[in-house]
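Biologist: I am learning to read protein structures, and I would be grateful for a slow and careful look at one part of this one. Could you take me through it in connected steps?

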Amino acid sequence: MNFIALYKCVGLDFLVDSIFYCQIEDMLRRYLRGGHDGGSFVAVRRISQGLDRSNACHTTDEAVAGSTAWLGRSLSCVCVQRKEGDSRPSFDLTPAEEDCLQRLQNRLDIAYDSSIPEHQEALKALWKAAFPEEELSDLISEQWKEMGWQGKDPSTDFRGGGFISLENLLYFARNFQKSFQDLLRKQEGDRAMWEYPFAVAGVNITFMLIQMLDLEAVKPRSFVGATFLKFLSENESAFDLLYCITFKLMDHQWLAMHASYMDFNTVMKSTRRQLERELLQDNVNRIEELPSYGLLTR
């Protein structure tokens, strides 16, 4: 089912222009009270090349203009925002961990650019992996909505996660094809009538992991972040692998909670808490030992 079309069909197309980290519950309540005033609510991560991370308290998690008019409203996200004077401890890194973190941060700094051939090819590869039986007519096409993008041009959605969010989706499609297809086509469990759009949810998962692991800081400032960097130093695909685990875990939580569109924030919070617990278990020494890794199938 094309859920994007469903939302538009029932007059809730303004919700389609939202990144789920926004408080969509409040938006819908305003709409039902007759207070909807149009426009687009988009919370995204500003990506800048050569980001200065010399200040450990620096953050680039900002709300910037979306695909249409930015209305200036403060959008609260699932992830806790860093505040000035944050006194959380930092953790020293080994040289190997520093190198791996720097390489991952270099990936985080790359914005999706539809004029770059490599980015175009990655997007085409994602379509082919998702719908091998269907030819993509063009990089800008109504066909993309079938994957759960907001419109006919997926590049407008990558502002939330950058090029790495496309890389994450492609890694998932190539390495865990069955799980990827199950989530894309909503093939498992008793699904809600209003489901989460697959692709936009994927971008939000990338964004959530970046915040949860504090990857834009010079050094990790939580045990969860420090633990992840240990795993990353032993497996440079650890972030992509954790992404796959998180996506499958989110859907598992979604089904267990009998969730619908309005419950997305709650499901994401629950998913994050479960991930943090698993990352800190004493018997987990690599990403593949996370209990939720067992949810994935190739």
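How much area does the protein chain expose, and what share of it do carbon and sulfur atoms supply? After that, please look closely at how helix H8 meets helix H11.

Modeller: Please keep in mind from the start that this is a predicted model. The protein chain exposes about 13,300 Å², and carbon and sulfur atoms supply 50% of that area. The chain has 298 residues, of which 52% count as buried. Its secondary structure consists of 11 helices and zero strands, so that the pattern read along the sequence is α-α-α-α-α-α-α-α-α-α-α. Among the contacts in the chain with a separation of 6 or more, 70% are between residues 24 or more positions apart.

With that background, we can turn to the part you asked about. Helix H8 covers residues 198–212 and helix H11 covers residues 264–279, and their axes come within 12 Å and cross at roughly 45 degrees. An angle over 35 degrees but under 65 falls outside the ranges for roughly parallel and roughly perpendicular, and H8 and H11 are therefore oblique to each other. The crossing in which H8 passes H11 is right-handed. On the side of H8, the contact is made by Ala201, Asn204, Ile205, Met208, Leu209 and Met212, while H11 contributes Phe264, Met268, Arg272, Leu275, Glu276 and Leu279. Sorted by class, the residues of this contact are nine nonpolar, one polar and two charged.

Another pair of helices offers a useful comparison. Helix H4 (residues 95–108) and helix H9 (residues 223–234) pack at an angle of about 90 degrees, with their axes 9 Å apart, and this makes H4 roughly perpendicular to H9. Here Ala96, Glu97, Cys100, Leu101 and Leu104 of H4 meet Phe228, Leu229, Lys230, Leu232 and Ser233 of H9. The classes in this contact are seven nonpolar, one polar and two charged residues.

Finally, a single residue can show what burial looks like in detail. His119 lies in helix H5, which spans residues 117–130. Its relative accessible area is 3%, and because buried means under 20%, His119 counts as buried. Once its neighbours within four places in sequence are left aside, His119 is in contact with Ile110, Ala111, Tyr112, Asp113, Phe163 and Leu166.

Notes
Residues numbered from 1 in each chain as written. Predicted model: local features only at pLDDT ≥ 70, side-chain atom pairs only at ≥ 80, totals over all residues. Heavy atoms only, no water. Axes fitted to C-alpha atoms, helices over the stretch in contact; angles between N-to-C directions. Helix = DSSP H or I, 4+ residues; strand = E, 2+ residues; numbered from the N terminus. Parallel < 35°, antiparallel > 145°, perpendicular 65-115°, else oblique. Left-handed = near helix turned anticlockwise from the far one by under 90°. Contact = heavy atoms within 4.5 Å. Nonpolar A, V, L, I, M, F, W, Y, C, P; charged D, E, K, R; others polar. Buried < 20%, exposed > 50% of the residue type's maximum accessible area, 1.4 Å probe, protein only. Areas by Shrake-Rupley, 256 points an atom, 1.4 Å probe, with all protein chains shown as cover.
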